[in-house]
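Please study the sequence and the model below before attempting the exercises. Each task is followed by a solution in steps.

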Amino acid sequence: MSLNEAKTAELYRVMVRIRTFENAVRRLTKEGKIPARFGLYTGQEAVAAGVSAHLRKGDQIGSTHRALGHLIAKGCDLDKLMAELMGKETGFNHGKAGPYHTFDPSVGALGANGVVGGSVPMTAGYALADQLKAKRNVAVSYFGEGGSNQGGVQETLNLAACWQLPIVFVCENSSPEVQRMLGHEIDYPQLSIDKVSLRAKNYAMPGSTHTGWDAAEVYKAAGKAIRRARAGKGPTLLEFKVHQLEGNLEGRLEANEKERQWDPIDHLKQKIPRKLDEQIRAEEAAKVQKAIDFGLKSPEPTPDQAYTCVYKEAD
Ligand SMILES: Cc1ncc(C[n+]2csc(CCOP(=O)(O)OP(=O)(O)O)c2C)c(N)n1
């Protein structure tokens with residue numbers, strides 16, 4: 001399934017929303033209005049947008065320490081997300097989860113996760129629940145190439161294949177190999193293979209590697225894997241090569257002009273008429289400004305709230 005004009009604009013809008021939101025987050029963090037430093041998704045927007053374009057509200061995602069893009073693309077409310085980052089009472093999790101553990105079950109966004117690779121087994125659990133309840137939902141598990149080396153991730157790939165779970169594993173690979181491809185001198189191997197997707201063969205599931213800064217390519221690959229999972233044909237391991245335009249952790253690495261060539265938004269912008277581009281940017285900027293205003297004027301949690309929402313009885 002390739003991208004038509006309307007879908008292209010839809011993906012572009014989601015990518016602009018993520019970028020605009022994160023630019024605001026970067027500024028608010030520097031101003032001390034967001035009391036945390038964390039990984040941003042800048043440069044990877046095509047992956048979350050291209051994957052989420054195939055997901056329904058009842059489908060669930062498990063995310064990482066670089067979660068904002070995943071959460072926004074899945075449809076999270078921007079006001080509550082911003083308030084959560086600011087540690088405010090009106091946030092998704094009453095300001096208790098912050099950037100690393102925020103979640104919004106109402107749209108199937110089951111959590112950022114500060115533990116590298118930590119959300120992967122949990123996301124397979126969501127897929128297993130769907131399978132047992134005979135729901136036609138799909139789970140998507142995001143992780144990085146570093147996370148892919150965690151033992152729990154490999155165990156989950158195996159079980160997901162054994163049980164033919166309705167899950168798509170999405171590895172966003174920003175490894176030194178990608179950096180080297182871009183001309184950087186980096187010498188600290190952490191993968192024994194150059195493609196994480198090669199591991200799929202060991203677990204008898206389909207696996208493939210794609211350009212993660214090309215939204216059309218992500219959309220096509222994700223569509224195939226998600227349709228397969230929804231049809232009950234089991235898991236797929238997708239790998240998207242990405243480049244983190246703001247470095248690995250915010251402020252650690254300056255992006256250079258060469259890296260800017262791999263900006264997924266600039267890439268897709270070529271297919272968007274100028275007037276529509278201006279309209280999308282203005283509309284998304286207004287939504288983000290509304291979220292900032294909501295967060296800033298929201299109250300801080302009171303000390304006694306530390307004891308609420310700690311434990312929930314099973315439904
Ligand atoms: C279990 C665990 N080990 C180490 C860390 C510290 N840590 C935070 S981010 C990170 C790098 C993760 O790399 P990758 O999974 O490739 O994701 P990326 O940051 O490239 O998006 C590490 C080691 C952690 N949060 N959790």
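The exercises below concern a predicted model and treat cysteines, a helix pair and two single residues.

**Exercise 1.** Determine how many disulfides the structure holds, and classify cysteine 162 and cysteine 171 as buried or exposed.

*Solution.*
Step 1. A disulfide is a covalent bond between the sulfur atoms of two cysteines.
Step 2. A search of the whole structure for such bonds returns zero disulfides.
Step 3. Cysteine 162 has a relative accessible area of 53%. Exposed means over 50%, so cysteine 162 is exposed.
Step 4. Cysteine 171 has a relative accessible area of 0%. Buried means under 20%, and cysteine 171 is therefore buried.

**Exercise 2.** Describe how helix 1 and helix 2 pack, and state how many residues of helix 2 are buried.

*Solution.*
Step 1. Helix 1 covers residues 5-30 and helix 2 covers residues 45-52. Their axes lie 9 Å apart, at an angle of about 135°.
Step 2. Angles over 145 degrees count as roughly antiparallel, and those from 65 to 115 as roughly perpendicular. The angle of about 135° falls in neither class, so the two helices are oblique to each other.
Step 3. The crossing of helix 1 and helix 2 is right-handed.
Step 4. On the side of helix 1, the contact is made by Leu11, Val14, Met15, Ile18 and Arg19. Helix 2 contributes Glu45, Ala46, Ala48, Ala49 and Gly50.
Step 5. The buried residues of helix 2 are Glu45, Ala46, Val47, Ala48, Ala49, Gly50, Val51 and Ser52. That is eight of eight, so helix 2 is largely enclosed by the rest of the structure.

**Exercise 3.** Locate histidine 210, decide whether it is buried or exposed, and identify its contacts.

*Solution.*
Step 1. Histidine 210 belongs to strand 4, which spans residues 207-211.
Step 2. Its relative accessibility is 17%. This is under the 20% limit, so histidine 210 counts as buried.
Step 3. The side chains of histidine 210 and serine 208 form a polar contact of 2.8 Å.
Step 4. Beyond four places in sequence, histidine 210 is in contact with Glu217, Ala221, Leu238, Glu239, Phe240 and Lys241.

**Exercise 4.** Characterise the surroundings of alanine 112.

*Solution.*
Step 1. Alanine 112 sits in the loop between helix 5 (98-101) and helix 6 (119-132).
Step 2. With a relative accessible area of 6%, alanine 112 is buried.
Step 3. Not counting residues up to four places away in sequence, alanine 112 touches Ser63, Thr64, Ala67, Pro99, Tyr100, His101 and Thr102.
Step 4. Alanine 112 and tyrosine 142 are 30 residues apart in sequence, and their C-alpha atoms are 9.8 Å apart in space.

Conventions. Residues are numbered from 1 along each chain as its sequence is written. This is a predicted model: local features need pLDDT of at least 70, side-chain atom pairs count only at pLDDT 80 or more; totals for chains, interfaces and linings use all residues. Side-chain values use heavy atoms; hydrogens and water are left out. A disulfide is a pair of cysteine sulfur atoms within 2.5 Å. Buried means under 20% relative accessible area, exposed over 50%, partly exposed in between (1.4 Å probe, protein chains only). Helices (H or I, at least four residues) and strands (E, at least two) are DSSP runs, numbered from the N terminus. A polar contact is a pair of N or O atoms within 3.5 Å; within protein, one must be able to donate a hydrogen and the other to accept it, and residues adjacent in sequence count only if both atoms are side-chain atoms. Contact means heavy atoms within 4.5 Å. Axes are lines fitted to C-alpha atoms, for helices over the stretch in contact, and angles run from 0 to 180 degrees between N-to-C directions. Angles under 35 degrees count as roughly parallel, over 145 as roughly antiparallel, 65 to 115 as roughly perpendicular and the rest as oblique. A crossing is left-handed if the near helix is turned anticlockwise from the far one by less than a right angle, and right-handed if clockwise.
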